[in-house]
Amino acid sequence: MKNLFIKYKEIITYIIFGVLTTIVAWGSYTVFVHLFKGIISNETTRVAVANVLSWIAGVAFAYVTNKLWVFESKSWKPSVVIKEIITFVASRGVTGVIEIVCVPLLAKTGFDNIFYNIVEKLGLSMKILFTDGIYSKVSLSVIVVILNYVFSKLFVFRNKKNEGEEAAEEEAKEEAE
């Protein structure tokens, strides 16, 4: 079991922190939808605003957890951190645009009604299951999670373990001189 964890540590930690990021994003989405219910009367606008704000919260949480625990980028050298943040936010921007555009679009087309009917027939009545646009958000999240991993692996934190160690060694040498 331990060998299996070691072999798949990156994927396992990505999934764990991905779930936590999803909780942060969905939780803040639900809070924002309900918070703006009395302020923004148009459902599509309310869903869009809540989605943008929840995306920002999720990206901030995801960067920190991905850097520290998933891809183990060790360097805090400003040039490394700035490059990571820029490429992380840019790659999340691509998937964020997909989510920001498609969640309200799917919600407006009635995509969620399919799931509301299923949930009602099952006799479930949990309030979160009836949050505006939640099923559209869940459906798109699966696609977004896969894309985010690929982008982080290929563009943001690629070989960061080695680069981070090298950068840390360089910083130590510079401080010693």
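# Briefing on an all-helical predicted model

Along the sequence, the protein chain runs in the pattern α-α-α-α-α-α-α, with seven helices and zero strands (helices are DSSP runs of H or I of at least four residues, strands are runs of E of at least two, and both are numbered from the N terminus). This is a predicted model, in which local features need pLDDT of at least 70, side-chain atom pairs count only at pLDDT 80 or more, and totals for chains, interfaces and linings use all residues. Residues are numbered from 1 along each chain as its sequence is written, and side-chain values use heavy atoms, with hydrogens and water left out.

**Overall composition**

- Of the 177 residues in the protein chain, 37% are buried (buried means under 20% relative accessible area, exposed over 50%, and partly exposed in between, with a 1.4 Å probe and protein chains only).
- The protein chain has an accessible surface of about 10,500 Å², and carbon and sulfur atoms account for 70% of that surface (areas come from the Shrake-Rupley method with a 1.4 Å probe; for residues, only the protein chains shown count as cover).
- When contacts between residues at least 6 apart in sequence are considered, 72% of them join residues at least 24 apart (a contact means heavy atoms within 4.5 Å).

**Nonpolar cores**

- The largest nonpolar core contains 12 residues, including Tyr14, Phe17, Val59, Phe88, Tyr149 and Phe157 (such a core is a set of buried Ala, Val, Leu, Ile, Met, Phe, Trp, Tyr and Cys residues joined through side-chain atoms within 4.5 Å).
- At least two residues of this core come from each of helix 2 (9–35), helix 3 (43–70), helix 4 (78–108) and helix 6 (134–156).
- The most is given by helix 3, which supplies four residues to this core.
- Val59, a member of the largest core, touches Phe88, Val89 and Arg92 when residues up to four places away in sequence are not counted.
- There is also a second, separate core of 10 residues, among them Ala50, Tyr116, Val119 and Ile134.

**Salt bridges**

- The structure holds four salt bridges (a side-chain nitrogen of Lys or Arg within 4 Å of a carboxyl oxygen of Asp or Glu).
- Lys9 pairs with Glu72 in one salt bridge, with the closest N and O atoms 2.5 Å apart. Because Lys9 lies in helix 2 and Glu72 in the loop between helix 3 and helix 4, the pair ties together parts that are 63 residues apart in sequence.
- In this pair, Lys9 is partly exposed at 32% relative accessibility, whereas Glu72 is buried at 16%.
- Lys153 forms a salt bridge with Glu10, and their closest N and O atoms are 2.8 Å apart. Lys153 belongs to helix 6 and Glu10 to helix 2, so this salt bridge ties together parts 143 residues apart in sequence.
- Lys153 is partly exposed, with a relative accessible area of 35%, while Glu10 is buried at 16%.
- Leaving aside neighbours within four places in sequence, Glu10 is in contact with Val70, Phe71, Tyr149 and Lys153. Of these contacts, Val70, Phe71 and Tyr149 are listed in the largest nonpolar core.
- Lys137 and Glu99 form a further salt bridge, with the closest N and O atoms 2.7 Å apart. This pair links distant parts of the chain, with Lys137 in helix 6 and Glu99 in helix 4, 38 residues apart.
- Both partners are buried: Lys137 has a relative accessible area of 1%, and Glu99 has 8% relative accessibility.

**Cavity and pocket**

- One cavity of 30 Å³ or more is found in a search of the whole structure (on a 1 Å grid over the protein atoms alone, a cavity is a set of points where a 1.4 Å probe fits but cannot get out, and a pocket is an open set with protein on both sides within 12 Å along at least five of seven lines; lining residues have an atom within 4 Å of a point).
- The largest cavity has a volume of about 310 Å³ (grid points are joined across faces, edges and corners, and a volume is the space filled by probe spheres set on the points).
- The largest cavity is lined by 21 residues, and those closest to its centre are Thr21, Thr22, Arg92, Val144 and Asn148.
- Helix 2, helix 3, helix 4 and helix 6 are the elements that give two or more residues to this lining.
- The largest pocket encloses about 190 Å³ of space. Among its 13 lining residues, Thr22, Ser141, Val142, Val145 and Ile146 lie nearest its centre.
- Two or more residues of the pocket lining come from helix 2 and from helix 6, and helix 2 gives the most, with seven residues.
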